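Reader: I am new to this structure and would like to be led through it with care. Could we go through it by question and answer?

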Amino acid sequence: MKVKVEIIEMIWDNYQGGSGKPITREMLIEIDPLTIITDIEGVIIDKLQEKGVRSNYSTKTFDYTAILSIQILPQI
């Protein structure tokens, strides 16, 4: 199953000490179709961390508060 995720990602910039810059981004992520609906957010966070997407630079992980929306796309 495919889901469309809108997130806030921190992009490293090298301007005056490299403070970072937040951008809004959309991604398509493929997840197992047997995933329970309550587990979708956790699976998405795991997939984003695997891809190296970060919501902040202090922990080098992706925090659930940076997820703006999740849409389950229909199967065609």
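**Reading the model**

Author: At 55% relative accessibility, Lys60 counts as exposed, because exposed means over 50% relative accessible area, buried under 20% and partly exposed in between (1.4 Å probe, protein chains only). This is a predicted model, in which local features need pLDDT of at least 70 and side-chain atom pairs count only at pLDDT 80 or more, while totals for chains, interfaces and linings use all residues. Residues are numbered from 1 along each chain as its sequence is written, and side-chain values use heavy atoms, with hydrogens and water left out.

Reader: Where is the place of Lys60?

Author: Helices (H or I, at least four residues) and strands (E, at least two) are DSSP runs, numbered from the N terminus. On that basis, Lys60 has its place in the loop between α1 (40-50) and β3 (67-72).

Reader: Is Ser55 buried or exposed?

Author: Ser55 is placed in the loop between α1 and β3. Its relative accessible area is 15%, and therefore Ser55 is buried.

Reader: Which residue has its backbone nitrogen 2.9 Å from a polar atom of the side chain of Ser55?

Author: Contact means heavy atoms within 4.5 Å, and, leaving aside neighbours within four places in sequence, Ser55 is in contact with residues including Thr61, Phe62 and Asp63. The backbone nitrogen that lies 2.9 Å from a polar atom of the Ser55 side chain is that of Asp63.

Reader: How many bridges join β1 to β3?

Author: Two strands pair if DSSP finds at least two bridges between them. Strand β1 (residues 2-11) runs antiparallel to β2 (residues 21-30), and ten bridges join them. Strands β1 and β3 also run antiparallel, with Glu6 having Ser69 in β3 as its bridge partner. The number of bridges that join β1 to β3 is five.

Reader: Why are the buried residues of α1 on the same side of α1?

Author: The buried residues of α1 are Ile40, Ile44, Ile45 and Leu48. They lie on the same side of α1 because the arc they cover around the axis, taken from the directions from the helix axis to the C-beta atoms, is only 135 degrees.

Reader: Which element gives the most to the largest nonpolar core?

Author: A nonpolar core is a set of buried Ala, Val, Leu, Ile, Met, Phe, Trp, Tyr and Cys residues joined through side-chain atoms within 4.5 Å. Of the 15 residues in the largest one, Ile7, Ile29, Ile44, Leu48 and Phe62 touch the most other members. With four residues, the element that gives the most to this core is α1.

How values were computed
A polar contact is a pair of N or O atoms within 3.5 Å; within protein, one must be able to donate a hydrogen and the other to accept it, and residues adjacent in sequence count only if both atoms are side-chain atoms.
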